[in-house]
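Ready for a short tour? Open your viewer, and we will go from one selection to the next.

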Amino acid sequence: MPITDYSTEMLLHLYRQMLLVREFELRAIAERRAGLIPGFIHSCVGQEATAAGACAALEPDDVITSTHRGHGHLVAKGGDPRYMMAELAARCDGYCGGKGGSLHMTDFDLGILGANGIVGGGIPIAVGAGLAFQQKKDRRVALSFFGDGATNEGSFHEALNLAGLWKLPVIFFCENNLYGEGTPQVKQAPVADLAIRASSYAMPGVIVDGNDVLAVYEATREAAERARSGGGPTLIEGKTYRQRGHYEGDPMVYRSKDEMDAWRDRDPVVAFRARLVDHAGIAGTVLAGIQQDVQATLDEAVRYAAASPKPQPGSALEGVYGNTHGGLVF
Amino acid sequence: MRNITYSQAIYETLREEMARDPNVILIGEDVGAFGGVWGVSGDLAQIFGEDRVRDTPISEAAIIGAGLGSAMMGLRPIVEIMFGDFLPVAGDQLVNQLAKARYMSGGKAKVPVTVRISTGAPGSAAAQHSQSPEGWYMNVPGLKIAVPATAADAKGLLRTAIRGEDPVLFFEHKMLYATKGDVPEDPDFAVPFGKAAIHRPGKDVTLIAIGGMVPRALEAAGVLAAEGIDAEVLDPRTLVPLDRDAILASVRKTSRAVIVHEAHKRLGPGAEIAAMIAEEAIGYLDGPIARVAARNVPLPYSPELENYVLPGAGDIVQAVRSVVQGRL
């Protein structure tokens, strides 16, 4: 669909989401260096189009499972940057009250069933959510984000098999960023196109330019329609690139500067901004306004996080079980 | 009261809870048309339909994950892992996902998942179908662990698990399925977690027996009674939470403790219980704490070898004699 067929509102929404994802990551990295954030960060810089495009194709009550590189998914699904930043800062007002951190941020009200610290760990959970939707005849969809590395995990194959068998309303969204931690995808899998793995599980496997937010949106929208109408799951492979290290501080000795430069030339945020100006007739001043708004949102998020109290040590004993309270653990 | 088998007690509870709450579903390998390899789920698929009693592929990780995700979305799934030995196949979903979902989400995730698991040695099933893995998961905060030993406890603990708020590993001992016991008729009969049962009161020694070893401990207590040793047989019924108060009260009364389980001795549930007694009640003890458990080798196939490795009533009698040493 040509870009001119999208509403300006939709295009600006996508741009804002991508920019918020990008700037959230850059701010979190800066605040970690400044000492606000104690834990690791696995940034998704370079993968904004997959997060924003896929989540824009979902309804508010659809659900996602995410990954260790999950900040973008959460932002794109509507996650509040204040609660996210507060969680990264390990504060009481964070999404998990400081018990989860980057890898476990969750917001059930927004359909965010959790980032995940285990590669492939969220995929079977999304299948379970899809099972519940099918069981309750609820026209909702579960989308699981994961990386190329996860497609070599058993959980990926078990989950796709079950979803294909039961025709569950699940979208398996593989962000192929070409690296599983520090090892290139070509050294991890004997196939270049991971989408072909769908054929074993009787579902469509769709390859999409993961740096093209509109292409991601269209592919996900089609998969969501299929899932909602009883047509079962889809595997989407969005080909993209992780511009920064596996984690902040990764020396990245395993890849060349030339390769990184080539992908930065295809930066999804920069490319979409250019398309909006050149092909959708959107004024640069409008985009600059969004930029300012995003920065203000993040300034506020950092202020909120820094002002939030640190948890009382004894509260570590609460919340293990439904009825644990006041230090009662088993 | 009705006298029914342990297996029937579990089946009835499944049927009653599925009839009571449409959000309760049963999924697992061969639970539907087959009726469960141990025959427990029987005709539930005919009664409730194949969408609520679902046969799954042999995919333990997907089974646990499906339970977890569907529980997050409001179902109360009962998932079956055919043999306890297969739990490690689902390791990540069980240990990193199911157990921790509530805690690491800051309480946002509520995951009422009952995982039914057959445990213990059924005889010549060898090393991969005979284990008692309860203790492995005691080291994973977030899971509750039930080890019913009687038909009534199977019924009452399963009802508590299904109606509860947390993931429960519900260990059904294979050699108990055919045993019979009196079960209350109250349709809401439930046994709370963390409350031990005293199956036989006594004053000279406390036998803390788990799961399939409860009948063996009662058998041993009969032999000991003939020798003038009055053994109390205490069944914790759940390992997490553990009824520390009941165990300590009994040990303070008898001054001797022998812990009996079919799991391997090294770091089995008895290690935790013995440590707890030593921490809390060592001054009350008139002798060493003893553990009667499987020897620390994989379970062998040959009946002669298997009998040598597994604990029996004779081993319990011997252990009690050694702890008492004629001094009552």
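Start by selecting B:Leu26 and B:Val53: B:Val53, in strand E3 of chain B, is the bridge partner of B:Leu26. Strands here are DSSP runs of at least two residues (E), and helices are runs of at least four (H or I), numbered from the N terminus. This is a predicted model, where local features need pLDDT of at least 70 and side-chain atom pairs count only at pLDDT 80 or more, while totals for chains, interfaces and linings use all residues. Residues are numbered from 1 along each chain as its sequence is written, and chains are lettered from A and ligands numbered from 1 in the order in which they are written.

Now show residues 24–28 of chain B, strand E2, which pairs with E3 of chain B in the parallel sense over 3 bridges; pairing requires at least two DSSP bridges.

Next, colour the whole sheet. It is open, with 7 strands of chain B in the order E3-E2-E4-E5-E7-E6-E12 and mixed pairing. Which strands are at the edge? They are E3 (53–55) and E12 (238–240) of chain B, each pairing on one side only.

Add helix H3 (residues 60–72) of chain B, which packs on the sheet and touches E2, E4 (76–81) and E5 (114–119) of chain B. Contact means C-beta atoms, placed from the backbone, within 7 Å. The direction of H3 makes about 170° with that of E4 of chain B, using lines fitted to C-alpha atoms (for helices over the stretch in contact) and angles from 0 to 180 degrees between N-to-C directions.

Finally, pick A:Val127: among the residues that A:Val127 touches are A:Leu162, B:Ala62 and B:Gly69.

Key:
Contact = placed C-beta atoms within 7 Å. Lists of a residue's contacts leave out its neighbours within four places in sequence.
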